[in-house]
Amino acid sequence: MTTALFNPFAPGFAEDPYPHYRELRDQDPVQDHPMGFWLVSRHSDVTALLRADLSVEQRNVVPHPVRDAMREAAGGVDFRAGGMSMLDRDPPDHTRLRGLVQKVFTPRAIGALEPRITELVDTALDGLAADGGGDLVEALAFPLPFTVINDMLGMPLTDAPRLRELTGLLVRSLEPMADPELAKRVGEADRELCELTAEAIEHKRAHPGDDLLTALIRAEHGGWVLSPDELVAQVVLLYVAGHETTVNLISNGAVALLRHPAQHAALKADPGLVGNAVEEMLRYDSPVQSSRRVTLRPAEVGGREIPAGTFAIASLASANRDERFWGPDADEFRVDRPNARHHVSFGAGPHHCLGAALARLEGRVAFDRLVRRFPDLALAGDVTWNGRINLRGATSVPVSP
Ligand code: HEM
């Protein structure tokens with residue numbers, strides 16, 4: 001038997017990557033991939049990797065002929081606001097940047113959003129009811145997190161469709177990319193989004209408001225403030241992470257729920273399960289499927305040694321289905337799963353998702369209202385997927401109320 005090789009371009013992978021991850025966990029759980037990275041797929045190894053003292057900075061990677069040739073073919077560009085967001089920085093910069101943002105992105109600020117989130121969900125569901133059904137992604141899963149993060153930041157929404165296009169392109173930088181034309185467009189989107197954000201910041205400096213952008217401009221923590229470039233990078237991160245992920249939670253979660261009528265019925269019978277059901281949705285179909293680290297010295301993971309200067313990819317999606325951790329029903333969707341919250345969909349360790357409480361709140365309100373409002377909600381056509389490997393999600397979920 002030949003050992004399974006991680007191949008996200010294999011037919012059917014984008015629709016259902018889980019059988020591929022199972023093979024990897026069983027046959028080669030810490031895989032030295034010929035394309036120049038290691039892939040870690042078991043729950044215990046993924047959590048250990050994310051909690052270990054590893055880097056996230058790309059400059060610490062040593063050259064690799066295959067990976068470097070692919071990068072060259074894709075235009076050789078580095079994106080993500082110049083690597084200045086906290087997601088791409090190690091301590092002490094990471095600690096400083098995260099501390100500054102955490103100071104204004106507080107549980108209190110998030111909790112205060114619940115009435116507004118409820119209002120947005122109800123308006124979206126009114127629209128679905130009036131239309132006699134439609135696409136749940138266009139009606140709810142996209143507009144909810146998009147509007148919430150726009151409101152929270154106080155971003156001027158003069159050109160929402162353009163902003164949506166730009167963030168949709170920018171998140172492609174988190175995917176494997178071999179198309180130079182696409183890489184060029186992603187690079188341009190990154191620059192344009194940074195420019196628009198810098199303009200929004202300048203506008204806010206002159207017209208401060210009761211919003212996150214104004215708070216970030218003023219943020220000071222331990223004697224530190226954000227430099228202008230750092231401010232742009234943290235705002236772009238919050239903006240993109242604030243909706244390109246939560247849209248997948250709501251759309252993939254709805255697909256899971258509607259494809260499992262007994263679980264849908266269990267949630268209707270006991271609406272108090274909704275918080276746990278959202279955790280199970282996050283586990284069952286991870287909105288962000290992987291996280292990337294760089295080893296600074298040889299790292300022992302799952303009995304193998306990953307050499308220094310190597311990309312190590314933690315497959316969150318695979319860990320979330322590892323039967324060694326979850327038991328024999330790991331591939332089942334169960335809204336009452338007792339330990340659902342132990343998923344790694346928000347990562348772990350120092351880069352654990354800063355927006356987890358906001359995403360959970362949006363998910364809980366959305367599914368609470370959806371299930372109560374439309375007890376007979378059902379899929380009304382084929383679900384389509386966005387074809388992404390990392391920020392994998394449904395792009396169209398036709399439903400009838
Ligand atoms: C980091 C997932 C929603 C802001 C992360 C990471 C994951 C993640 C896996 C860690 C990445 C790594 O380890 O390299 C998700 C999922 C979400 C979600 C699945 C929705 C279901 C949000 C929201 C926001 C947000 C709503 C903010 C508005 C962030 C930030 C970081 C982060 C700022 C960087 C933390 C750091 O580097 O210290 N997220 N996220 N996320 N997330 Fe989220």
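The exercises below deal with a predicted model, and each is followed by a worked solution.

Residues are numbered from 1 along each chain as its sequence is written, and side-chain values use heavy atoms, with hydrogens and water left out. In this predicted model local features need pLDDT of at least 70 and side-chain atom pairs count only at pLDDT 80 or more, while totals for chains, interfaces and linings use all residues.

**Exercise 1. The iron atom**

Find the protein donor of the iron atom of the ligand and place that residue in the fold.

Solution. Start with the cut-off: donors are N, O and S atoms within 2.8 Å of the metal (3.2 Å for Na, K and Ca), and sites may look incomplete since water is not among the atoms. The only protein donor of the iron is SG of Cys353, at 2.3 Å. Next, locate Cys353: the residue lies in the loop between helix H18 (323-326) and helix H19 (356-373). Helices (H or I, at least four residues) and strands (E, at least two) are DSSP runs, numbered from the N terminus.

**Exercise 2. The four-stranded sheet**

Work out the strand order of the open sheet of four strands, and explain why E1 and E4 each have one side without a neighbour.

Solution. Two strands pair if DSSP finds at least two bridges between them. The order is E1-E2-E7-E4, and the pairing is mixed. Strand E1 (30-33) and strand E4 (290-294) are at the edges with a single partner strand each, so one side of each has no neighbour in the sheet. On average, neighbouring strands of this sheet are turned by 25° against each other, direction ignored.

Now take the pairs.
- E1 and E2 are antiparallel, over four bridges, and Gln31 stands opposite Leu39 in E2.
- Three residues separate E1 from E2 in a hairpin, and Gly36 in the turn has a positive phi of about 95°.
- E2 (residues 37-40) and E7 (residues 311-315) pair in the parallel sense, over four bridges. Leu39 stands opposite Ile313 in E7.

Last, add the helix. H2 (residues 43-51) packs on the sheet and touches E1, E2, E4 and E7, and its direction makes about 130° with that of E7. Contact means heavy atoms within 4.5 Å; axes are lines fitted to C-alpha atoms, for helices over the stretch in contact, and angles run from 0 to 180 degrees between N-to-C directions.

**Exercise 3. Helices against H19**

Describe how H7 packs on H19 and how H9 packs on H19.

Solution. Two packed helices are described by the angle between their axes and the distance between the axes. For H7 (residues 114-131), the axis comes within 10 Å of that of H19 and crosses at roughly 40°. H7 is therefore oblique to H19. Angles under 35 degrees count as roughly parallel, over 145 as roughly antiparallel, 65 to 115 as roughly perpendicular and the rest as oblique.

The crossing of H7 with H19 is right-handed. A crossing is left-handed if the near helix is turned anticlockwise from the far one by less than a right angle, and right-handed if clockwise. Residues in the contact include Ile117, Val121 and Leu125 of H7 and Leu358, Leu361 and Val365 of H19. By class, the contact of H7 with H19 has nine nonpolar, one polar and seven charged residues. Ala, Val, Leu, Ile, Met, Phe, Trp, Tyr, Cys and Pro count as nonpolar, Asp, Glu, Lys and Arg as charged, and the others, Gly among them, as polar.

For H9 (residues 143-153), the angle to H19 is about 135° and the axes are 11 Å apart. This makes H9 oblique to H19, and the crossing is right-handed. Leu144, Pro145, Val148 and Met152 of H9 meet Leu358, Glu362 and Ala366 of H19. The contact of H9 with H19 has six nonpolar residues, no polar one and one charged.

**Exercise 4. The three-stranded sheet**

Identify the edge strands of the sheet E3-E11-E8, and a bridge partner of Asp135.

Solution. The sheet is open, with antiparallel pairing. Strand E3 (134-135) and strand E8 (378-379) are the edge strands, each pairing on one side only. E3 pairs with E11 (residues 398-400) over two bridges, where Pro398 is the partner of Asp135.

**Exercise 5. A cis peptide bond**

Which residues does a cis peptide bond join?

Solution. The bond joins Pro91 and Pro92, with omega about 5°. Pro92 is in the loop between helix H4 (80-83) and helix H5 (93-104).
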